[in-house]
Amino acid sequence: MKKLYIVLILLMVAGCTTTGNFKVPEGSNLYIYQRPEPVNIDQNGKVTTKPFFWTAAGMPPGGGIPYRLEKNGETLKEGRLRAKFRPVSIFWPPAALIYWPMGLNPDITYDLVNDTQE
């Protein structure tokens, strides 16, 4: 029974976040999905944030998750990030499939220095 509780807690945490790997210019701030606060980028480039609505679906240049890089209050770069459907949103109540179905792709690196997403 204890193992079941641990698995349920892990699923809850996984259902509330999305993670991606980033390379950004040193000293810059990364804003994702027009959120007012920049995301926290770990030393290894890992970013964990809340998932995104259906409007983030698709591939750049026309679709994807909007982002903005700023340094000293000036916008360095804007664009879109490749999004990935989150299967956990199908099972995550309440209605994550409606509100939070899209996330960052943990299998690629979003290199915003060299403009590659591989």
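Which residue's side chain does Lys-77 meet in a salt bridge? Asp-115 is the partner, at 2.9 Å from N to O. I'll come back to that pair. Before anything else, a caution: this is a predicted model.

Let me start with the overall layout. The protein chain holds 3 helices and 9 strands. Reading from the N terminus, the order is α-β-β-β-β-β-β-α-α-β-β-β. Of the 118 residues, 34% are buried. Take the contacts with a separation of 6 or more: 57% of them join residues 24 or more positions apart. The accessible surface of the chain is about 7,600 Å². Carbon and sulfur atoms account for 58% of that surface.

Now the sheet. There is an open sheet of 4 strands, in the order β3-β1-β8-β9. Its pairing is mixed. The edges are β3 and β9, residues 116–117, and each of these pairs on one side only. Look at β1, residues 18–23. Strand β1 runs antiparallel to β3, and 4 bridges connect the two. One place to look is Thr-19, whose bridge partner in β3 is Thr-48.

Next, the core. The largest nonpolar core has 18 residues. Which of them make the most contacts inside it? They are Phe-22, Leu-30, Ile-32, Phe-52, Ile-65 and Leu-81. Three elements give two or more residues each to this core: β2, β4 and β7, the last being residues 102–104. The biggest contribution is from β4, with 3 residues.

Stay with Leu-30 for a moment. Set aside its neighbours within four places in sequence. What is left in contact with Leu-30? On one side of the sequence, Phe-22 and Val-24. Further along come Pro-38, Val-39 and Ile-41. Then there is the run Tyr-67, Arg-68 and Leu-69. Leu-112 completes the list.

Arg-68 brings us to the charges. Side chains of opposite charge can pair when their charged atoms come close. How many salt bridges does a search of the whole structure find? It finds 3.

Here is one of them. Arg-68 and Glu-70 meet through their side chains, at 2.8 Å from N to O. Is Glu-70 buried or exposed? Glu-70 has a relative accessible area of 15%, under the 20% cut-off, so it counts as buried. Arg-68 comes in at 23%, which makes it partly exposed.

Back to the opening pair, Asp-115 and Lys-77, with 2.9 Å between N and O. Asp-115 sits in the loop between β8, residues 109–111, and β9. Lys-77 is in strand β5. The two parts are 38 residues apart in sequence, so the salt bridge ties them together. Asp-115 is exposed, at 54% relative accessibility.

The remaining pair to show you is Lys-84 with Asp-107. Their closest N and O atoms are 3.4 Å apart. This pair also links distant parts of the chain, 23 residues apart. Lys-84 belongs to strand β6, residues 83–85. Asp-107 lies in the loop between β7 and β8. Lys-84 is partly exposed at 33%. Asp-107 is exposed at 60%.

Now some backbone details. Please check these in the loops on screen. Which two residues does a cis peptide bond join? Pro-60 and Pro-61, with omega at about 10 degrees. Pro-61 is placed in the loop between β3, residues 46–49, and β4, residues 65–71.

Then the positive phi values. Tyr-33 is not a glycine, yet its phi is positive, near 60 degrees. Where is Tyr-33? In the loop between β2, residues 29–32, and β3. Asn-72 is another residue other than glycine with a positive phi, near 55 degrees. Asn-72 is in the loop between β4 and β5, which spans 74–81. With a relative accessible area of 73%, Asn-72 is exposed.

One last residue: Glu-26. This one lies in the loop between β1 and β2. Glu-26 is exposed, with a relative accessible area of 74%. How far is Glu-26 from Lys-71 in space, C-alpha to C-alpha? The distance is 9.0 Å, although 45 residues separate them in sequence.

To recap in two points. The core of 18 residues draws the most from β4. And of the salt bridges, Asp-115 with Lys-77 joins parts 38 residues apart, while Lys-84 with Asp-107 joins parts 23 residues apart.

Methods:
Residues numbered from 1 in each chain as written. Predicted model: local features only at pLDDT ≥ 70, side-chain atom pairs only at ≥ 80, totals over all residues. Heavy atoms only, no water. Buried < 20%, exposed > 50% of the residue type's maximum accessible area, 1.4 Å probe, protein only. Core = buried A, V, L, I, M, F, W, Y, C linked by side-chain atoms within 4.5 Å. Contact = heavy atoms within 4.5 Å. Pairing = 2+ DSSP bridges. Salt bridge = Lys/Arg side-chain N within 4 Å of Asp/Glu carboxyl O. Areas by Shrake-Rupley, 256 points an atom, 1.4 Å probe, with all protein chains shown as cover.
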